[in-house]
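Hi,

Here is the structure I promised to pass along. Have a look at it first, and my notes follow underneath.

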Amino acid sequence: MDIQIKFDESGRIIPFMNGNEITMNESPFLIFLASAGMCSAVFVRAFMQQRGFSITDVSLTQCMDYDQSSNMVKNMDIIIDLPASFPEKYKNAIKNAVTQCPVKRHLAQPPAFNIIPNLKTELEV
C-alpha cells in the first residue's frame, strides 16, 4: 500500500493513493495514515526552502506493509524523491530533518487512548 505525497504549484502538500487525492470524504483512516508522509513533507519543504532549493521535482512516497487480516500497518518507509541536482552532501541532513516529524514520533511511541461514554442529563438536552 503506497501513498504519494506531492507539492502543488503553491507548495501545498497533497496526498494521493492510486492517483486519487486522499480526503476525509474518502477515508479518515487513509488521512490518518497519510499524515505521517504529509508531516514528513512539511519538514522536506522547510529544508529545501531554507537552502534556496526548489521543491518542483520533489515528492515523497510512503510505502506501507499493510496486513489485511489485522487491518494494521506493520512497517512504513518514507522515500524522499529528490531531483538529480540535489547535493549529495545534504542527503543525511534532509533525512535528519524528517525524523523531527511529530506524527512519526507519536506513531513510534503511541499515546494511550481512553474512550469515555458521557450520558447527557435532561438539562443538557
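A warm-up while you have it open: is Ala46 buried, exposed or partly exposed? Ala46 is partly exposed, since its relative accessible area is 30%. Before you read on, bear in mind that this is a predicted model, and the values below are computed from it.

**The helix α1**

Ala46 belongs to helix α1, so let me start there, with the definition of buried as under 20% relative accessible area. The helix covers residues 28-50, which makes 23 residues. From first C-alpha to last, α1 reaches 32 Å, close to the 33 Å expected at 1.5 Å a residue. There is a bend to look at, though: α1 has a kink of about 35 degrees, and Ser35 is at its centre.

Quite a few positions along α1 are buried, among them Leu30, Leu33, Ala34, Val44, Phe47 and Met48. Ala36, Gly37, Cys39, Ser40 and Ala41 are buried in α1 too. If you want a general picture to go with that list, an α-helix has 3.6 residues a turn, so residues three or four places apart point the same way. As for what sits over the buried residues of α1, the cover includes strands β1 (2-7), β2 (13-17), β4 (59-67) and β5 (72-81). Helices α2 (91-98) and α3 (102-108) are also part of that cover. Just after α1 comes Gly52, whose phi is positive at about 75 degrees.

**The sheet**

Next, the strands. Five of them form an open sheet in the order β3-β2-β1-β4-β5, and the pairing is antiparallel. The edges are taken by β3 (20-21) and β5; each has a single partner strand, so one side of each is left without a neighbour in the sheet. Helix α1 packs on this sheet and touches β1, β2, β4 and β5. The direction of α1 makes about 145 degrees with that of β4.

If you want to check the register, β4 is a good place to begin:

- β4 and β5 run antiparallel and are joined by nine bridges.
- Thr61 has Ile79 in β5 as its bridge partner.
- Ser59 stands opposite Asp81 in β5.
- β1 and β4 also run antiparallel, with five bridges joining them.
- Gln4 has Thr61 in β4 as its bridge partner.

So Thr61 appears twice in that list, as the partner of Gln4 and as the partner of Ile79.

**Backbone angles in the loops**

Most residues other than glycine have a negative phi, which makes a couple of asparagines worth a look. Asn18, in the loop between β2 and β3, has a positive phi near 55 degrees. Asn18 counts as exposed, at 69% relative accessibility. Asn71 sits in the loop between β4 and β5. The hairpin of those strands has four residues between them, and Asn71 takes a positive phi near 60 degrees there. At 44% relative accessibility, Asn71 counts as partly exposed.

**The cysteines**

How many disulfides does the structure hold? There is one, and it joins Cys39 to Cys101 with an S to S distance of 2.2 Å. The torsion about that S-S bond is about 135 degrees, so the disulfide is right-handed. Cys39 lies in helix α1, while Cys101 is in the loop between α2 and α3, so the pair ties together parts that are 62 residues apart in sequence. Both ends are out of the way of solvent by the accessibility criterion: Cys39 counts as buried at 10% relative accessibility, and Cys101 counts as buried at 0%.

Cys63 is in no disulfide. The nearest cysteine sulfur to that of Cys63 belongs to Cys101, and it is 16 Å away. Cys63 is partly exposed, with a relative accessible area of 21%.

One last item brings us back to the opening residue. Ala46 and Cys101 are 55 residues apart in sequence, and their C-alpha atoms are 12 Å apart in space.

Cheers

Key:
Residues are numbered from 1 along each chain as its sequence is written. This is a predicted model: local features need pLDDT of at least 70, side-chain atom pairs count only at pLDDT 80 or more; totals for chains, interfaces and linings use all residues. Side-chain values use heavy atoms; hydrogens and water are left out. Helices (H or I, at least four residues) and strands (E, at least two) are DSSP runs, numbered from the N terminus. The expected span of a helix is 1.5 Å times one less than its number of residues. The bend at a residue is the angle between axes fitted to the seven residues ending there and the seven starting there. Buried means under 20% relative accessible area, exposed over 50%, partly exposed in between (1.4 Å probe, protein chains only). Contact means heavy atoms within 4.5 Å. Two strands pair if DSSP finds at least two bridges between them. Axes are lines fitted to C-alpha atoms, for helices over the stretch in contact, and angles run from 0 to 180 degrees between N-to-C directions. A disulfide is a pair of cysteine sulfur atoms within 2.5 Å.
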